[in-house]
Amino acid sequence: MPEIQILPTTDDWASACAVRLWDALSEGLRDPAQNGWTVFAGAGGSTPEPIYRRLAAMRSVEDWQHTFVTLVDERYVPETSQDSNAALIKRTLMTGNAAQAEFLPLYRSEITIDRAAALAAHNLSAELDGRRLDAVLLGMGEDGHICSMFPQSPTLKTLLTPTLAPTVLGVPHGRDGMAPSLERLSINLPYLMQARRVVLALTGKQKRAVFEREAAGDPATQPIAALIAANVPLDVLWTEKV
């Protein structure tokens, strides 16, 4: 079980998350293997917004000009949709100095979600050109999902297979009322395994309880347990405040 770092207020929590991400991005810029660039991958949803706003203001224009920004997952919708994670990250992170970053989208309009995922995987790999993710911000749903690794999804076990190459996979919408309600695109566990730092940002008593339950689960079917079993460089930051 990784240590849960407890922050007393939402402001302290958001600032602490942003500082850890900033540190990892700074290390990436200094790493010769990254060839002068650093790579950030972020989550969607409402939880990351205050973190994104702080991170955007913490780095210089020059630093952001040498930063790739991408997503850990995306709903299969264009940026014009209110459900788009790309639209959210552009609205909350890629502002001010951070508007100079280069965005690498996952969404492409294709005939099927699997075809879209294959194209996203190819494009992301080509753009990163051997670079790893330096800083990753994850949230977690109340069902224990991270990225778009949903319980009982037919894609889940493949997404959690640690021996595959880093890639992007399509996630079908859930059946019989199960999540997700929309088709999605998601990076897989091996992308997280190669990351320099992964920050899991949690709020509220219920999500802490879910995290502790999931951490003791089966790495083949429970994403939090898979992160731990794969030795992903994980920082867990939590505040009771929501």
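Is Phe68 buried or exposed, and what is its relative accessible area? In this predicted model, Phe68 is buried, with a relative accessible area of 5%.

**Figure 1. Overall fold of the predicted model.** The protein contains nine helices and 10 strands. Its C-alpha atoms fill a box of roughly 50 × 45 × 35 Å along the principal axes. For 242 residues, a compact globule would have a radius of gyration near 18 Å, and the 17 Å of the protein agrees with that. Of the 242 residues, 52% count as buried. Among contacts with a separation of 6 or more, 76% are between residues 24 or more positions apart.

**Figure 2. Close-up of the aromatic pair Trp37 and Phe68.** Three aromatic pairs are found in a search of the whole structure. In this one, the ring centres of Trp37 and Phe68 are 4.3 Å apart and the planes lie at 20°, so the pair is stacked; the cut-off for stacking is under 30 degrees. Trp37 belongs to the loop between helix 1 (10-30) and strand 2 (38-42), whereas Phe68 belongs to strand 3 (residues 67-71). The two residues are 31 residues apart, and their pairing links distant parts of the chain.

**Figure 3. Close-up of the aromatic pair Phe40 and Tyr52.** This pair is edge-to-face, with 6.1 Å from centre to centre and 85° between the planes. Phe40 lies in strand 2 and Tyr52 in helix 2 (residues 49-58), so the pair ties together parts that are 12 residues apart in sequence. Both Phe40 and Tyr52 are buried.

**Figure 4. Close-up of two arginines over tryptophan rings.** The charged end of Arg59 sits over the ring of Trp64, at 4.5 Å from the ring centre. In the other view, the charged end of Arg208 sits over the ring of Trp238, and the distance to the ring centre is 4.8 Å.

**Figure 5. Close-up of helix 1 and its surroundings.** Helix 1 has 21 residues and spans 31 Å from its first C-alpha to its last, close to the 30 Å expected at 1.5 Å a residue. Its buried residues include Trp13, Ala14, Cys17, Leu21, Leu25 and Gly28. An α-helix has 3.6 residues a turn, so residues three or four places apart point the same way. The cover over the buried residues of helix 1 includes strand 1 (4-7), strand 2 and helix 2. Strand 6 (135-138), strand 9 (197-203) and strand 10 (234-239) are also among the elements that cover them.

**Figure 6. Close-up of Cys17 and Cys147.** The search of the whole structure finds zero disulfides. From the sulfur of Cys17, the closest cysteine sulfur is that of Cys147, 16 Å away and too far for a bond. Cys17, one of the buried residues of helix 1, has a relative accessible area of 0%. Cys147 is buried as well, with a relative accessible area of 7%.

**Figure 7. Close-up of helix 4 (residues 85-92).** Six of the eight residues of helix 4 are buried, so the helix is largely enclosed by the rest of the structure. The buried residues are Asn85, Ala86, Ala87, Leu88, Ile89 and Thr92. What covers them includes strand 2, helix 2 and strand 3, together with strand 4 (73-75) and strand 5 (102-103).

Key. Residues numbered from 1 in each chain as written. Predicted model: local features only at pLDDT ≥ 70, side-chain atom pairs only at ≥ 80, totals over all residues. Heavy atoms only, no water. Phe/Tyr/Trp six-rings, centres within 6.5 Å; stacked < 30°, edge-to-face > 60°. Helix = DSSP H or I, 4+ residues; strand = E, 2+ residues; numbered from the N terminus. Buried < 20%, exposed > 50% of the residue type's maximum accessible area, 1.4 Å probe, protein only. Lys NZ or Arg CZ within 6 Å of the ring centre and 35° of its normal. Expected span 1.5 Å × (residues − 1). Contact = heavy atoms within 4.5 Å. Disulfide = S-S within 2.5 Å. Rg over C-alpha atoms; globule rule 2.2 N^0.38 Å.
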